[in-house]
Structure formats: structure tokens, C-alpha cells
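Dear colleague,

I am passing on the structure we talked about, and my notes follow directly below it. Please read them alongside the coordinates.

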Amino acid sequence: MSTSLGLIQTRSFPVIVRIADAMTKSAGVMLIGFEKTSGGYCTAIVRGGIADVRIAIEEGIELARHFDQEELSSLVIPRPLPNLEVVLPISSKLSQLAQNRGYSRLSNLAVGLLETRGFPAMVGAADTMLKTADVQLAAYETIGDGLCTAIIRGTVANVAIAIDAGMYEAERIGELHAIAVIPRPLDELEQALPVASCFVAQPVSLPVAIPQVQEQEVQRSETAVERIPVYLEPPETP
Amino acid sequence: MRSILAATLPTPMAFSVSPGKISETRYFVSGEVHVEPGAGIGAGVLLRANPGCRIQIGRGVCIGMGSILHACGGSLIVEAGATLGTGVLVIGQGTIGSNACIGSETTLLDCSILSQQVIPPGSLIGDPSYSDAATASDPNPPEPAEAPASSEPTPLPPPSSPVANVEKQTRRWQEAAEQAEENPRSKKLRKRNGIPGHSELDRLLGKIYPHRQALSSNDG
């Protein structure tokens, strides 16, 4: 039962994605999503059994300290009341809804995130990254406080080299804030990350209409059979 | 100082060795060198006094293998009972106090050591490249190499407080290190290293491209 709730907040999008990656790999928790309140504050939301949530949040705090995140806050609620789930975006049904949104053509690829303070630096870095290695710019994310994150996808070697090059370009143009490379993200994390609509293939409706067509044909043949005696009936002649 | 070091080898001059020392064949002496009886001098030791300078090795002094004592700009006195480890380099003028202990591989440039003082191995004391002020106020400026040689021992310069001298040097090295740190390039590098995820990316790149460090050695 996914009853317990875990929250952890940092002030950088790549850092929170990296923490979410570590949390989903550390214990059996489900990543619900990222809540981006403005001012650069991002919160990762996980659900799961209380033991799993506690392990995951501890792992996340350890990693956040490793990244020198000063304004770090976290919370574990063993059993949130249903009213809380109805109002706040913490319900596990949310992620299930999100998973039905379509198939991304960029899945099963490494993720690279590069965060700058200011839009031009992010655009410049994204351009350099695309020109440096075989990567795709999947989306960008803004979290307030001038922080913009470019999200790239590709094989891990391409992503690492692209981020390395983008870092220098971002520093040249403006202020580089954070970077992260996730070599093999879990499906949940992929679903929680934004993907531009051009990369999302809408689910193709398989030929599920075949039985219906067959039924119609049967019905038609039945009516034909019924009609035959009508035409065969000879006109009565006195 | 540098010109003195680069001076041509002087011809051996007054050289008095008293009988009773431990070894008399395996160390090399040039210039006015006095070794008192009871001094132990290791193999391969070089004792060289420039013209107008002298080296005096006191009673019971121990000098380790491969050490070099080069007197220039004044007298180099090693007082009784002092011990110099292997590979010690002493250049310039000064006094090594009685029963002082100099660790191996130490370099002493133009400085004095108090008696009973202990210098840890591998030390560098009195580096003149940082001491422009000290050289300017040197009470006994180095004599030119072509100064007339005299067999008379030159009078000892008044020993300036060696402890204060060492402290002054240390302060200068610290200042130089701080200046190097304030270099804008190093500041930018430090800034980049502080970015979350940078060290992780570096480790990842090191794993993917093991020879990258060698290729980008001039980077940054």
C-alpha cells in the first residue's frame, strides 16, 4: 500500500531530479512528481510504505548535503488523511494519469540537466550542447528566481560530453547554477520529467474495431437470409 | 647571491684538518675549511668555501652522507655537537648553533640556526627568492667573486635573530600563496567546482573517457 508520503525540497531543478533519481533507486517508493513553487524552490514527492519512504528521504537528504544545498527541507508523513490527498497534488493517482499521456520517443536514454540563472545562458548552452554531441533537447523548465533548466536526452557518453561543453558556454554567457547527469533513469522519473510535445507520439489505436465489423457482417447476412423468402414468394394468380 | 653561486671554482687554498676525525678520504674540501677533531663527516660530503669565506666545522659535529656546505658572502660556522642529516644543503653565510639538529634533505639558504634548535626533514629555510627586503638590509652584502682571497678568517657578522628571520620568511610564503589564490583564473575554477553535480560529472567523464585527463591537460 502506498500510504506514506515523503517530501524533500531544494533550490535547484537538476539537484531535485538527481535526488529523485537516487530516492527511486534506493527504496521501493513511487515518484509522484515535482512541485515547483516559485523562487527556485522545487519539491520531490514520493509515496510508498513507511520504511521505503524513510529510507528514500534519508538518502535524498544525504545527497542534498553532498551538493551543499543550504535551504533544504524534508518531511515524512506516515499516514496522510484522505482529505489531504484530495486537495494537494500528492495522490498516487496523479502519476497514473500522467503515465497515460503517451509514449515519448526519448525514453530509455540518459538525461542531462543544465541550470543557469537567466534565459540567454540556458539557450546558448542548449545550442552548444546540440552542436557538440548527438543529443536532443527534450524540454526546458523554469522554477523562478531566474533559474532555467535545459533537459537533454541521448546516450550517456553524448550527454556527458554535451553537458561538459554546455557548462563552459553557460559560464561564458551568464551564470551557471547546477548540472546533473542521470545515466539510466527509471520509468517513473522519466514520466515526471517534462518532454516537449513534439517528442510525444500519441498512442496508435490498434485495430480493436475488428470484432465490431464482424458483427455487422453477420447481421447483414442475417437480414439477407430473412429477405430471401419475401422475393421468392410467387404472386398469387386466381 | 646568484653571481656568487655561478662563480668559477676557486683554487684550493688554506685547508687545515686536525688529526682524529672519523674519515679523511671520502669527503671533498675546497677553500678555507677548518674541521676540528672529533667531527664525523659522511661520504660524498662537499665542503666548499668561496674566496674570502670560510667554513668551520666544530668538535663532535656529524654531517650526513651527500651533504653540501657552501660558504659564500661570509663565514659558515657549524658549532660543536650539531648534527646535519643526509643530503642537507647549506648555502651562504650563517651559524648552525651547538647541538642543533637539521633533518635530512633540508636546505638552508643564508640563515642561522639557534643552538639546540631542531629542523624537521625536508625543510626550506631562508629562501632568498621571497626576501627582497632581507637582502637589501643584509648587514654583510655578498662580496664579489674576484675579491682578493685572504687566509685571515673574516669577522663573523652580528647574527641577526634567526627565529625572527624564519618567522618573516614564513609570513612572506603565506602572502605569496594568498596572492596566487587570488588569481582570477583560479577563482573561476573554484566557482565552477562548487557547482552541484560538477564533481559527479567529472567522475563520470573519467570513467567514460579514461584518457581524457591526458588529452585535456592544458584545459581550464
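How many residues lie between strand 7 of chain A and strand 8 of chain A in the hairpin that they form? There are four, and Gly144(A) in the turn has a positive phi of about 85°.

Before going further, please note that this is a predicted model, in which local features need pLDDT of at least 70 and side-chain atom pairs count only at pLDDT 80 or more, while totals for chains, interfaces and linings use all residues. Residues are numbered from 1 along each chain as its sequence is written, and chains are lettered from A and ligands numbered from 1 in the order in which they are written.

Chain A has eight helices and ten strands, taken as DSSP runs numbered from the N terminus (helices H or I, at least four residues; strands E, at least two). In the hairpin, strand 7 (residues 135-142) and strand 8 (residues 147-154) of chain A run antiparallel and are joined by seven bridges, where pairing requires that DSSP finds at least two bridges between two strands. Within this pair, Glu141(A) stands opposite Thr149(A), and Ala139(A) stands opposite Ile151(A). The hairpin belongs to an open antiparallel sheet of four strands in chain A, in the order 7-8-6-9. Strand 7 and strand 9 of chain A each have a single partner strand, so one side of each is left without a neighbour in the sheet.

Helix 6 of chain A lies across strand 6 (110-117), strand 7, strand 8 and strand 9 of chain A, and runs at about 5° to strand 6 of chain A (axes are lines fitted to C-alpha atoms, for helices over the stretch in contact, with angles from 0 to 180 degrees between N-to-C directions).

As for the interior, the largest nonpolar core has 63 residues, and those with the most contacts inside it include Ile19(A), Ala44(A) and Ile152(A). Such a core is a set of buried Ala, Val, Leu, Ile, Met, Phe, Trp, Tyr and Cys residues joined through C-beta atoms within 7 Å, and a residue is buried if 20 or more other C-beta atoms lie within 10 Å of its own, exposed if 12 or fewer, and partly exposed in between, with C-beta atoms placed from the backbone. Buried residues make up 39% of the 238 residues in chain A.

Finally, 16 residues of chain A are in contact with nine residues of chain B, contact meaning C-beta atoms, placed from the backbone, within 7 Å. Helix 1 (13-26), helix 6 (156-173) and strand 9 (175-182) of chain A each give two or more residues to that side of chain A.

With best wishes

Methods: Contact = placed C-beta atoms within 7 Å.
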